[in-house]
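Here is a short report on one protein model. Look at the fold first, then read the notes below.

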Amino acid sequence: KLLKLKLQCFNSKMSVDCPPQKLQLFKQGAEARIYKSSFLNKPCIIKERFSKSYRHPALDKKLSDRRMVQEARSLVRCHAIGVRTPCVYHADLNTHKLYLEFLPHPLFNDLISSLEPSKLESADITDTIRDVGRQIALMHNNDVIHGDLTTLNILVDVKSRNSYFIDFGLSSVSTLSEDKAVDLYVLERAITSSHPKMSQLFTQILTSYAQYSSKSSSTLSKLKEVRQR
């Protein structure tokens, strides 16, 4: 049984059933293995959710199916609204594999780590920081909650200075300002813990977010409440 998706990419639409054959382990997380491969002669990333032995098999399959479907839907939805994410090529519920466009860009985390705090005012990085805030606002304007916003889940095209968001495994859809505030709080905590000398980084992202968010006042008000918990 294959999950049938209307695939929306930047300049193409495709529906395919043939998975790639060659797999190269790229990284492994708590919930999935990430492979590099090719799909219809295009470089791709395969995200394979593996079973957890401590969970009942039926529950494990139900959770894996639900999270995979939600991730695929969030990615497709983001493409439709203009948020930069990997294009979804194919999804297979039998093997719990999601086939995604390979984006050869460095992590936002690595880019920030290589900078001195004084360099945050440079034009190149400022453009990227503003874009990160704008992209998150676009997601939230359309009720997409990323669920794991960290500098490790943002890629940066150093030429265009554009940001790309990855790993929507914990994503959801919500109209609640609190859910959007928690999304922002996760990013704030990730920045303050991983980049303690870059505290102004989140402030700059938040400034851009407020500029492009359609409901920034309620979300930022909730963010203040979340910080106090």
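## Helix 1 and its end

Gly82 comes right after helix 1 and has a positive phi, near 100°. The model is predicted. Helix 1 covers residues 57-81. Its 25 residues should span 36 Å at 1.5 Å a residue, and the end C-alpha atoms are 36 Å apart, so the two values agree.

Helix 1 lies across strand 3 (42-49), strand 4 and strand 5. It runs at about 20° to strand 5.

## The sheet

Five strands form an open sheet in the order 1-2-3-5-4, with antiparallel pairing. Strand 1 (24-28) and strand 4 are the edge strands, and each pairs on one side only. Neighbouring strands of this sheet are turned by 25° against each other on average, direction ignored. Strands of a sheet pair through backbone hydrogen bonds, either parallel or antiparallel.

At one edge, strand 1 pairs with strand 2 (residues 32-39) over four bridges, in the antiparallel sense. Here Gln28 stands opposite Arg33 of strand 2. At the other edge, strand 4 (residues 88-92) pairs with strand 5 (residues 97-101), also antiparallel and over four bridges. Val88 has Leu100 of strand 5 as its bridge partner. The hairpin of these two strands has four residues between them, and His96 takes a positive phi near 55° there. Five of the five residues of strand 4 are buried, so this strand is largely enclosed by the rest of the structure.

## Nonpolar cores

In soluble globular proteins, nonpolar side chains tend to be buried together. In this model, the largest nonpolar core has 39 residues. Those with the most contacts inside it are Leu98, Phe108, Ile136, Met139, Phe165, Leu201 and Ile205. Another core, of seven residues, lies apart from it and includes Phe39, Cys44, Tyr89 and Tyr99.

Which residues does Ile136 contact, leaving aside neighbours within four places in sequence? They are Leu149, Phe165, Leu184, Leu187, Ile205 and Tyr209.

## Helix 4

Helix 4 (residues 177-194) has 18 residues. It reaches 26 Å from first C-alpha to last, close to the 26 Å expected at 1.5 Å a residue. Its buried residues are Ser177, Lys180, Ala181, Asp183, Leu184, Leu187, Glu188, Ala190 and Ile191. An α-helix has 3.6 residues a turn, so residues three or four places apart point the same way.

What covers the buried residues of helix 4 includes helix 3 (123-141), strand 6 (144-145), helix 5 (199-212) and helix 6 (216-227).

## Confidence

The protein averages a pLDDT of 87, and 90% of the residues score at least 70. Over residues 1-20, pLDDT stays under 50. The model has 52 contacts beyond four places in sequence for that stretch.

Technical notes. Residues are numbered from 1 along each chain as its sequence is written. This is a predicted model: local features need pLDDT of at least 70, side-chain atom pairs count only at pLDDT 80 or more; totals for chains, interfaces and linings use all residues. Side-chain values use heavy atoms; hydrogens and water are left out. The expected span of a helix is 1.5 Å times one less than its number of residues. Buried means under 20% relative accessible area, exposed over 50%, partly exposed in between (1.4 Å probe, protein chains only). Contact means heavy atoms within 4.5 Å. A nonpolar core is a set of buried Ala, Val, Leu, Ile, Met, Phe, Trp, Tyr and Cys residues joined through side-chain atoms within 4.5 Å. Two strands pair if DSSP finds at least two bridges between them. pLDDT is the predictor's confidence in each residue, from 0 to 100. Axes are lines fitted to C-alpha atoms, for helices over the stretch in contact, and angles run from 0 to 180 degrees between N-to-C directions.
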